[in-house]
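Biologist: Please take a close look at one part of this model, the helices of a single chain, and describe how they are covered and packed.

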Amino acid sequence: MTVVAERPAEQADPSPSTTRAGSGRRAKAPRNVSRWLLPLWATLVFVFLFLPIAVVIVYSFNVGRLLISWDHFGFDSFAAIVTKPAVRDAVLVSLRTGLIAAVLATALGTLAGIAMARTPGKWVPWFLGLLLLISVTPEIVDAVALLPWVVFLGQDLGLSIFNDGTVRLVIGQSLFSIAIVSYIVRARLVGLDAKLEEASADLYAKPFTTFAKVTLPLAMPAVLAGFLLSFTLGLDNTIVSAFVQVSGTTPWPVYVLSALRSGLRPEIAAVSTIMLVLTLGALALVALVLKKAGDSAADIARTMAGG
Amino acid sequence: MRKLRIRFGLALPAWVWLLVFFVVPIGVVVWYSFGYKPSIFSTNANDKLSFDRYVEALSPTFFATFQNTLWVGIAGTALCLIIGAPVAYWIAVKCAPSRRGMFLALVMVPFWTNFLVRTIGWQIILAPEGWLSHALQFLGVIPGPLGILNTRGAVLLGVVYNYLPLMILPLFVAFDRVSGPLREASKDLGAGSWQTFFRVTIPLAQPGIIAGVLLVYIPLMGDYITATVLGGAKGNMVGQIVASQFQTAQNWALGSAMAVLLILTIALSIGVMAAIGWLVTIPIRRSYRLTLEDAR
Amino acid sequence: MAHGGAHGQPPVRVLANATSARKIGAELTRRGFLATALAASGAVLFTACAPQKASAASQANGGPLEDKLSIYTWSDYDDPDLLSAFTKKKGPKIVVDAFNSNEELVAKLVAARGTSGYDIVVPTGPFILPMAENGLLERLNLDLIPNFQTMNPHFIHRTFDPKNEYSICKAWGTTGFAYDKTVIKRELTGWADFIDAAQNEASGKTSLLDDPAPMCGIYFWSHGIDWNTTDEKHLADCEAFMTKEIAPHVISFDSAPGGQIIPQATAALVQVYNGDARTGIAASKNPERWQWVLGAPATEIWMDNWSIAKGAPHPEAAHAFINFIIAPDVQVKQMDYIGYDTGVEGNQQRAEEAGLENLDMVFFTEEQIATMHEGKFTKAQERIVAIWNATKAAAGA
């Protein structure tokens, strides 16, 4: 590891002792400040991040007509997920379409990511450009573009499969997820040498065997991270879903969005609390699995942020 | 040669899917933007092509909304950077390695709550009749009920809150890459803590900083929900007027023109910021050049 | 039919009609089975993608009720207990979605072209004929709605749907405003006072309806102009007035401020429908600080109606629900929840006997009704929507 620092000619090489003493005296003050300032700042930011979450959790124990007016404490709102079919259905639709979209996005994205990493060719910049375009397009533009298109496919071309609510939601949720998974998988594989796969080919393994037994396992942490991200993004997908959804197959965020107009009730907070707890549980599980596989926290974050 | 074809074929399903469900619909939107609205009950027609919708979208009525969105976008991203950088630095550099995972997870936890729900959480907190308002009035900090809700300030607060984790994560990865020994070497050569930070850490973390800024700025410009929940009338952003053209005014041609303009605005502003950033670093680069041959 | 397995295999039972059965039987060897299965699955795939007549739902005939019902209506416009009661009594599970204005309803239906999934929609009177003409509404089968006979004769056979082919009255109401007496210390009596207060005490604390026509109505009613005007000069004046004199003082656009704005006192001067004001003020922590004012010297009278969307997937359930909700025995509960007269004969008497509160905000005197004017769907419709867009944009500047 080499560091080359070119300094202007005027500054001659200072003697180590004077420099260290000189800069030490000057540096001690900032270092002391940063010792307590940085953790304080971080704490304040964490409080800031968790404040609305805490508020939502607290208000999920509100029993009343309106979410935002505290009436009295109680567990009734939690019962809504069982007693109110609209709420229950919305959550189930979200989970179902999120899962399907995540599986689809992971499958397509993994294949594309592997292809990009291992087969550099003229097409790669184009594909990367397409992924970039997807990442750069605001969700609202996606939404207003997709609705007329699926209606056209369903009504004018008569492909009635596009009139199905689940199909529409899966399509809407999969776009951004495919981009994310492709990018993460590619980043992971680009960082790893192709030597293992070459070795496998040298040992007379068929291309498919190499793919299944060498490439895929190597990419697995990225695939899992991608799947998780896709599922979360799918669960959270609001705008595109709001535009393309068919009434009757309403996902949870769209239910909340329309409740924003019809009147927010405490059960919205209650269901959010339940979903948060479930999500955290699932994440803890995945983190455990990844840790056992040997990845450190920084590795995981690095993988998810694209190497 | 056969290996090459198989491998490219792997990407084919993704290609086709994205082409059919992304490229073509966006292309259709661009096509619509050159059309017009023929009558009340029909959404659009394209037999007469013109740039009229673009002129309409840039009329003084809507231009103010574009300006407002740009303001919120830049201010929000800057705030995310200023607030998030110390946190990312602290986790990457100052934190014990064993605790890093936990803190990273803590940063991401709000992300795992539904976007809309956590924005509604802020709506509860900022309510004029809520506990925060009463507390601040009691402490004498504000003269009357809390008036932040339904203003541009509330939208700024909301977007900074919602996109902060997206800034912290890439910054963490970037700072993490500038490993300890490098910083020690810098100090050994006589640089103070701040000098090390500004002349070693930041330049090396540049790709991560850029990634964070882009990851926040782009979705923020197209944001629709934060503005709807917290913004009221004043928090009008382009995402909302595009939506309203499609959802209420039924003017697909105008809505498409606005959507295209939004994309162009984002691309253009990124280009301008990149140019400014490049210009600003010329004097720095001329006197100091730091290269890293092996950063990993 | 069962086909004796070839080559000593156990017989295969196939359920099919007679002609196909014979054909299937002939081809049921192992190889033939594979080929037939492939062809069959191909056919299924093809049918899934084959052109179908848009929206399979046709007229309801009194058949069995479906298991679901989807309603697209105004905010918080039905008592949830009544909805559950319907599900308990008749079966179909109900899903409710909300819109802010008729324009939004029309936009949604036009964009979806029959695939929206909504069964019942609730348009306001003037929109019904244009919607029907543009193929957005199904004809009602009044035979399935016997409770239609119990409607108040004043509220059926209106000019916008003389034979009630497409709509039945859901509720009628009017538009006015509510103001916070702790912020606005003087008495306000009409739209002129509304405008004045918006520009002074309530500047930055005013809320308007998120609905193009009544919003523009503020200008027309306060200036003595017919709010259905198509005169270009009047419309231009309206736009100038709304964007320059009113918009800068507005903090939010909300068609249902009784849900949050009034209880939370986020605004001090709120344009609102009468029933919504009643609900909002009642839900407030101290209702005495709010005062409701009927729009004066002129305002609107609107009637929202039950209608069935074209392509409704559950027409039987839709008809059954409409019949249920206009039945006389549920009217008091519904009126108490939504705060509007639901148009069934004898409602006022029922409400008075049940001791519902604030009935002066639900039922009006003859003099008051004389000041209320029905809206019309004119060729100025697009212009009004444009003014609404411009006002919102100006408010955000």
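Modeller: Helix 12 of chain B (residues 238-247) is mostly covered, with 10 of its 10 residues buried; buried means that 20 or more other C-beta atoms, placed from the backbone, lie within 10 Å of the residue's own. Among these buried residues are V238(B), I241(B), V242(B), F246(B) and Q247(B). Helices here are DSSP runs of H or I with at least four residues, numbered from the N terminus. The model is a predicted one, in which local features need pLDDT of at least 70 and side-chain atom pairs count only at pLDDT 80 or more, while totals for chains, interfaces and linings use all residues. Residues are numbered from 1 along each chain as its sequence is written, and chains are lettered from A and ligands numbered from 1 in the order in which they are written.

In the same chain, helix 7 (residues 152-177) of chain B packs against helix 10 (residues 206-221) of chain B at an angle of about 160°, their axes being 8 Å apart; axes are lines fitted to C-alpha atoms over the stretch in contact, and angles run from 0 to 180 degrees between N-to-C directions. Helix 7 of chain B is therefore roughly antiparallel to helix 10 of chain B, a term for angles over 145 degrees. Their crossing is right-handed, that is, the near helix is turned clockwise from the far one by less than a right angle. Helix 7 of chain B contributes residues including Y163(B), L166(B) and P170(B) to the contact, and helix 10 of chain B residues including G208(B), G212(B) and L215(B), where contact requires C-beta atoms, placed from the backbone, within 7 Å. The residues of this contact comprise 15 nonpolar, two polar and no charged; Ala, Val, Leu, Ile, Met, Phe, Trp, Tyr, Cys and Pro count as nonpolar, Asp, Glu, Lys and Arg as charged, and the others, Gly among them, as polar.

How values were computed
Helix = DSSP H or I, 4+ residues; strand = E, 2+ residues; numbered from the N terminus. Parallel < 35°, antiparallel > 145°, perpendicular 65-115°, else oblique. Contact = placed C-beta atoms within 7 Å. Buried ≥ 20, exposed ≤ 12 C-beta atoms within 10 Å, placed from the backbone.
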